[in-house]
Amino acid sequence: MRAIQADTAGGPEQMRMVDVADPEIRPDQVLVDVAASGVNYIDTYQRSGVYDVARPFRPGLEGAGVVAAVGAEVDWAAPGDRLAWAGTLGSYADRVALSREDAYRVPDGVELDTAAALMLQGLTAHFLSASCFPLESRHTALVHAGAGGVGLLLTQLAVARGARVITTVSRDDKEELSRAAGASDVIRYETFTDIATDLPRAVRDLTDGEGVDVVYDGVGAATFDGSLESLAVRGTLVLFGGASGQVPPFDLQRLNRGGSLSVTRPSMVHYLRTDEERSWRAGELFSAVASGKLDVRIGATYPIEEAPAAHRALEARGTTGKVLLLP
Ligand SMILES: NC(=O)c1ccc[n+]([C@@H]2O[C@H](COP(=O)([O-])OP(=O)(O)OC[C@H]3O[C@@H](n4cnc5c(N)ncnc54)[C@H](OP(=O)(O)O)[C@@H]3O)[C@@H](O)[C@H]2O)c1
């Protein structure tokens, strides 16, 4: 089969297509023919060395496809089943060996590419809005990168919970998409000379001087200071990524001075700990998609061999919604 591999940490050019043997499945695993693999920002952290991974490295954590074979102990899937997954390294490939804890059954009426696009960013948007800071109708949230993969899904889930959502984006087309997802106001942070002061000013202008109850910040280094200053008293900063770079260590006294603020730095794996939790989150996401309440935007698709181009586009802020690799 074909797979994407990067032998050393570095830029997108480190990734190349290799011919390798099909993965060997354990008795408790299934072999899946991949219909679509999702590209996520974490793939770029792992590729570049921001996150430590074993090398040579086979990127990709999510996808969807059809079961080709099952191990002797498998009673949870059968050949021909349509499954999607999140958390299986090496998903930029024609085939993956899939374990039960990463797998989700794709319901009828949901296309495999949509399921692949929904997994990691959808589960993230779900735990952020329902668990990390459980949004209610009395809340106002600031969501950075509102037209990104997580951003579009998080905005829709937050609005569905009744919250008011303010977003940041960098371009006209992204502003349009973010408003369509339900943002009440869109801040163009690319126009700011100093995000740390201009962003909180813009947020306070939109909130009668109060600030927001929660900031969901996946942009990181460039926005962190401005995010903190945009919070209302007792507000929460949910730092869930660093698309612009990782946030340096910071002085806890800033939480005191800002008004008894909270900061959390969550990771999806810690919000998918049991079968119940996994099926709750995926079940809500799939039924929202199937009923037309949640729109999953696939902003771009690339043939799998063009994985380097997909990473370049994502890291250059050139993408909206989901980026998929197709076999
Ligand atoms: N903690 C978790 O469990 C978890 C799970 C999934 C994802 N994440 C995080 O969520 C964030 C979003 O992930 P995603 O896959 O959905 O990506 P994405 O939002 O589709 O893409 C990143 C976006 O960030 C914005 N951005 C601002 N400054 C940037 C910069 N200097 N370089 C690159 N992008 C910049 C861009 O939007 P604008 O052009 O509009 O600024 C860009 O489109 C990432 O930080 C990712 O690591 C975390």
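Colleague: Let's start at the ligand: how far does a polar side-chain atom of Ser170 lie from an oxygen atom of the ligand?

Modeller: Happy to help, and please keep in mind that this is a predicted model. Ser170 is among the closest of the residues around the ligand, a group that also includes Lys174 and Tyr189. The contact pairs a polar side-chain atom of Ser170 with a ligand oxygen, and the separation is 2.5 Å.

Colleague: Which residue brings a backbone N or O atom to a nitrogen atom of the ligand?

Modeller: Gln121 is not the one, as a polar side-chain atom of Gln121 lies 2.9 Å from an oxygen atom of the ligand. The backbone contact to a ligand nitrogen is at 3.0 Å, and the residue is Pro266.

Colleague: How much of the ligand's accessible area does the protein cover?

Modeller: A total of 29 residues surround the ligand. On its own, the ligand has 900 Å² of accessible area, and the share covered by the protein is 91%.

Colleague: Which helix gives the most residues to the shell around the ligand?

Modeller: Several helices take part: H1, H2 (112-132), H3 (149-160) and H9 each supply at least two residues of the shell. The top contribution is 4 residues, and it comes from H2.

Colleague: And by class, how many residues of that shell are charged?

Modeller: The shell has 14 nonpolar residues and 11 polar ones. Lys174, one of the closest residues to the ligand, has a side chain of the charged class. The count for the charged class is 4.

Colleague: Moving on to aromatic rings, which three residues form one aromatic cluster?

Modeller: The structure holds 4 aromatic pairs. One of them joins Tyr41 and Tyr45, tilted, at 5.5 Å centre to centre with 55 degrees between the planes. Tyr41 and Tyr45 both lie in helix H1 (residues 41-48), 4 residues apart, or about one turn of the helix. Tyr45 also forms a tilted pair with Tyr51, at 5.0 Å and 55 degrees, and the cluster is Tyr41, Tyr45 and Tyr51.

Colleague: Is Tyr45 buried or exposed?

Modeller: Its partners make a nice backdrop: Tyr41 is partly exposed at 21% relative accessibility, and Tyr51 is partly exposed at 25%. The cut-off for buried is under 20%. Tyr45 has 8% relative accessibility, so Tyr45 counts as buried.

Colleague: Now for charges: how far apart are the closest N and O atoms of Glu305 and Arg2?

Modeller: Glu305 sits in the loop between strand S14 (298-303) and helix H9 (307-315), while Arg2 belongs to strand S1 (residues 2-6), 303 residues away along the chain. Glu305 is partly exposed at 43% relative accessibility, and Arg2 is partly exposed at 27%. A salt bridge needs the two atoms within 4 Å. This pair qualifies, with a distance of 3.8 Å.

Colleague: Which residue does Arg95 meet in a salt bridge?

Modeller: Arg95 lies in strand S6 (residues 95-98), and the partner sits 73 residues away in the loop between strand S2 (15-19) and strand S3 (30-39). Arg95 is partly exposed, with a relative accessible area of 24%, and the partner is partly exposed at 34%. The N to O distance is 2.7 Å, and the partner is Asp22.

Colleague: What is the relative accessible area of Arg281?

Modeller: Arg281 forms a salt bridge with Glu277, with the closest N and O atoms 2.9 Å apart. The two are 4 residues apart in helix H8 (residues 275-290), so about one helical turn separates them. Glu277 is buried at 19%. Arg281 is buried as well, and its value is 0%.

Colleague: How many salt bridges does the structure hold?

Modeller: Some of them share partners: Asp172, Glu175, Arg179, Arg188 and Glu190 are joined into one network in this way. Counted over the structure, the number of salt bridges is 21.

Colleague: One last item: what separates the C-alpha atoms of Ile304 and Leu326?

Modeller: Ile304 is placed in the loop between S14 and H9. Ile304 is buried, with a relative accessible area of 2%. Ile304 and Leu326 are 22 residues apart along the chain, and their C-alpha atoms are separated by 5.3 Å.

How values were computed. Residues numbered from 1 in each chain as written. Predicted model: local features only at pLDDT ≥ 70, side-chain atom pairs only at ≥ 80, totals over all residues. Heavy atoms only, no water. Salt bridge = Lys/Arg side-chain N within 4 Å of Asp/Glu carboxyl O. Buried < 20%, exposed > 50% of the residue type's maximum accessible area, 1.4 Å probe, protein only. Phe/Tyr/Trp six-rings, centres within 6.5 Å; stacked < 30°, edge-to-face > 60°. Near = heavy atom within 4 Å. Polar contact = N/O pair within 3.5 Å; in protein donor to acceptor, adjacent residues only side chain to side chain. Areas by Shrake-Rupley, 256 points an atom, 1.4 Å probe, with all protein chains shown as cover.
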